[in-house]
Amino acid sequence: MNETMDQNRTHTGQTGLGYLDIQAAVGISKHMGGYPATDELHRLIALHQAAEVLEIGCGIGVGPVYIAQKFPCQVVAVDISERMLAWARQRARRAGVRERIHFQRADVLDLPFKDNRFDAVLIESVLAFIPQKGVAIQEMIRVTRPGGHIGLNETYWASQPDPALLAQSFSIGTEILSEHDWRQIWDATGLEARLIQTYKLDTRGELRDRIGWIGWRSILPAWGRVLKLMLTRPAARRAIREQLDAPTGLIEALGYGLFVGRKPNL
Ligand SMILES: C[S@@+](CC[C@H](N)C(=O)[O-])C[C@H]1O[C@@H](n2cnc3c(N)ncnc32)[C@H](O)[C@@H]1O
């Protein structure tokens, strides 16, 4: 492991370097659906009414910066990776919203916040990497105030994956559930006004959303760092190759869901 990488608590393939470790090293993070999905999630969890919002697994910080630009609320943004948080702080400074966002290292499975604190808590494309999805959701509910909103944007299998697709998804450290399993998890939360909206994916749209989310100004230097890693670090080269060798049809087999609910009043 070199100094530019901090290991996430995720699966690391055959090379010892996980998908998220490489993303953190080069400054890339994203979720399915890009800005349109995020705008819809913000609307569903009523961010326009929130005074304090928690975003979990903020990656390079696109999400919390966008919230601070759109809404007058205070934002707390956490991620398990210090490397991701460094990119996020830099992005917030450049966008002129650094003082509105408190960044902190935290694990969604053990959030360092008191009960009933936030008006809204959201997470985008993090639980796919975490086997204990129910524990994470209970932590999100715990730190939300009664009457506050919880919102997830998470990937699911839209069709039964063949063994090659399943192997690829395990190799990048994800444990993706079917839509049916997600619906059961969401129903079991006991949240009020539960809502699930699902969307299908296609490769072209996913690429467009990904570039739109990260932005050319960040994506071009990030691809430069990918190239440099591939040229200078054999382990990183193998890990990137392993991840680029995706079987065709992976994106088409996936969908993403917006899962929203309100914490009952005491
Ligand atoms: C696919 S990225 C999504 C980042 C961001 N939500 C976005 O949409 O750009 C997943 C993020 O979750 C973070 N993460 C992984 N496990 C975590 C955990 N247990 N607690 C908090 N964050 C975690 C990773 O470090 C990474 O930044």
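## Exercises on a predicted model

Ser 125 is buried, because its relative accessibility is 16% and buried means under 20%. The model is predicted, and the exercises below work through parts of it.

**Exercise 1. Where is Ser 125 placed, and what is the sign of its phi angle?**

Step 1. Find the neighbouring elements: Ser 125 sits in the loop between strand 4 and helix 5 (133-143).

Step 2. Read the backbone angle. Phi of Ser 125 is near 60 degrees, which is a positive value in a residue other than glycine.

**Exercise 2. Is Asn 116 buried, partly exposed or exposed, and which loop holds Asn 116?**

Step 1. Locate the residue: Asn 116 belongs to the loop between strand 3 and strand 4 (118-124).

Step 2. Take its relative accessible area, which is 33%.

Step 3. Apply the cut-offs: buried is under 20%, exposed is over 50%, and partly exposed is in between. Asn 116 is therefore partly exposed.

Step 4. Add the backbone angle. Phi of Asn 116 is positive, near 60 degrees, in a residue other than glycine.

**Exercise 3. Classify Glu 99 and Arg 225 as buried, partly exposed or exposed, and give a C-alpha distance for each.**

Step 1. Glu 99 is in the loop between helix 4 and strand 3 (101-105). Glu 99 counts as exposed because its relative accessibility is 62%, and exposed means over 50%.

Step 2. Along the chain, Glu 99 and Val 75 are 24 residues apart; their C-alpha atoms are separated by 9.6 Å.

Step 3. Arg 225 is part of helix 9. With a relative accessible area of 28%, Arg 225 is partly exposed.

Step 4. Arg 225 is 200 residues from Ala 25 in sequence, while 8.2 Å separates the two in space, C-alpha to C-alpha.

**Exercise 4. How many residues of helix 3 are buried, and which are they?**

Step 1. Helix 3 covers residues 62-70.

Step 2. Seven of its nine residues are buried, and the helix is thus mostly covered.

Step 3. The buried residues are Val 62, Gly 63, Pro 64, Val 65, Tyr 66, Ile 67 and Ala 68.

**Exercise 5. Describe the surroundings of the ligand.**

Step 1. Count the shell: 21 residues surround the ligand, and the closest are His 31, Gly 57, Asp 79, Asp 107 and Glu 124.

Step 2. Sort the shell by class. It has 10 nonpolar, seven polar and four charged residues.

Step 3. List atom pairs. An N or O atom in the side chain of Asp 79 is 2.6 Å from an oxygen atom of the ligand. A backbone N or O atom of Lys 30 is 3.3 Å from an oxygen atom of the ligand. For Glu 124, a backbone N or O atom lies 2.9 Å from a nitrogen atom of the ligand.

Step 4. Turn to area: the ligand taken alone exposes 600 Å², and the protein buries 98% of that.

**Exercise 6. What is the volume of the second largest pocket, and which helices line this pocket?**

Step 1. The second largest pocket has a volume of about 420 Å³.

Step 2. Its lining has 21 residues, and those closest to its centre are Arg 91, Arg 94, Ile 214, Arg 217 and Ser 218.

Step 3. At least two lining residues come from each of helix 3, helix 4 (82-95), helix 8 (203-214) and helix 9 (216-232). Helix 4 gives the largest share, five residues.

Step 4. By class, the lining of this pocket holds 11 nonpolar, six polar and four charged residues.

Key: Residues numbered from 1 in each chain as written. Predicted model: local features only at pLDDT ≥ 70, side-chain atom pairs only at ≥ 80, totals over all residues. Heavy atoms only, no water. Near = heavy atom within 4 Å. Polar contact = N/O pair within 3.5 Å; in protein donor to acceptor, adjacent residues only side chain to side chain. Areas by Shrake-Rupley, 256 points an atom, 1.4 Å probe, with all protein chains shown as cover. Nonpolar A, V, L, I, M, F, W, Y, C, P; charged D, E, K, R; others polar. Buried < 20%, exposed > 50% of the residue type's maximum accessible area, 1.4 Å probe, protein only. Helix = DSSP H or I, 4+ residues; strand = E, 2+ residues; numbered from the N terminus. 1 Å grid on protein atoms, 1.4 Å probe; cavity = no way out; pocket = protein on both sides within 12 Å on 5 of 7 lines; lining within 4 Å. Points joined across faces, edges and corners; volume = space filled by probe spheres on them.
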